[in-house]
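Work through the exercises below with the sequence and the model at hand. Try each task before reading its solution.

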Amino acid sequence: MARDGPGGFDWDRHNVGHVARHKVTKAEVEQVLKNDPDFVGEQISESGEKRFLELGHTDKIRVLFVAWTLRGKLIRPVTAFDASKEIRSAYLINRFGVNEQ
């Protein structure tokens with residue numbers, strides 16, 4: 001199921017800045033969530049907010065972890081970062097049947 005949210009994405013300077021610190025763009029986060037990512041897990045933050053962690057790929061096959069939460073009808077990305085080399089390899093084999101793009 002694509003994670004494009006019934007109302008789209010909730011971006012502000014805080015979450016844009018957070019993903020940028022990991023050298024990830026807004027567009028890449030949105031691509032991962034629209035490209036049918038694999039659910040990894042969920043947890044409740046200290047503030048009581050449910051957060052989801054998913055592993056997926058951008059349109060250029062960059063493999064990223066993306067953490068997000070729902071805010072009303074919007075998906076609010078929390079953070080995103082590159083998968084390790086080992087996880088990237090396993091993901092590419094499982095998803096596309098190849099080890100490299």
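The exercises deal with the sheet, two buried residues and the salt bridges.

This is a predicted model, in which local features need pLDDT of at least 70, side-chain atom pairs count only at pLDDT 80 or more, and totals for chains, interfaces and linings use all residues. Residues are numbered from 1 along each chain as its sequence is written, and side-chain values use heavy atoms, with hydrogens and water left out.

**Exercise 1. The sheet**

Find the order of the strands in the open sheet and state how they pair.

Solution. Start with the strands, which are DSSP runs of E with at least two residues; helices are runs of H or I with at least four, and both kinds are numbered from the N terminus. The open sheet has 4 strands in the order E1-E2-E3-E4, and the pairing is antiparallel. At its edges are strand E1 (38–44) and E4, each paired on one side only. Two strands pair if DSSP finds at least two bridges between them. From one strand to the next, the twist averages 25 degrees.

Next, look at one pair of strands. E2 and E3 run antiparallel and are joined by 6 bridges. Leucine 55 stands opposite phenylalanine 65 in E3. Last, add the helix: H3 (residues 85–96) packs on the sheet and touches E1, E2 and E3, and its direction makes about 70 degrees with that of E2. Such angles run from 0 to 180 degrees between N-to-C directions, with axes fitted as lines to C-alpha atoms, for helices over the stretch in contact.

**Exercise 2. Two residues in strands**

Decide whether histidine 57 is buried or exposed, and do likewise for alanine 80.

Solution. Take the cut-offs first: buried is under 20% relative accessible area, exposed is over 50%, and partly exposed is in between (1.4 Å probe, protein chains only). Histidine 57 belongs to strand E2 (residues 50–57). Its relative accessible area is 8%, so histidine 57 is buried. Beyond four places in sequence, its contacts (heavy atoms within 4.5 Å) include Gln31, Val32, Tyr91 and Phe96.

Alanine 80 is in strand E4. With a relative accessible area of 0%, alanine 80 is buried too. Among the residues it touches, leaving out those up to four places away in sequence, are Val19, His22, Val29 and Phe65. The C-alpha atoms of alanine 80 and valine 63 are 10 Å apart, with their positions 17 residues apart along the chain.

**Exercise 3. Salt bridges**

State how many salt bridges there are, and locate the partners of arginine 76 and aspartate 12.

Solution. Side chains of opposite charge can pair when their charged atoms come close. The rule asks for a side-chain nitrogen of Lys or Arg within 4 Å of a carboxyl oxygen of Asp or Glu. The count by this rule is 8 salt bridges.

In one of them, arginine 76 and aspartate 12 have their closest N and O atoms 3.1 Å apart. Arginine 76 is in strand E4 (residues 74–82) and aspartate 12 in the segment before helix H1 (13–21), so this pair ties together parts that are 64 residues apart in sequence. Arginine 76 is buried at 11% relative accessible area, and aspartate 12 is partly exposed at 28%.

Now take arginine 62, which forms a salt bridge with glutamate 28 at 2.9 Å between the closest N and O atoms. Arginine 62 sits in the loop between E2 and strand E3 (63–71), and glutamate 28 in helix H2 (residues 26–34).
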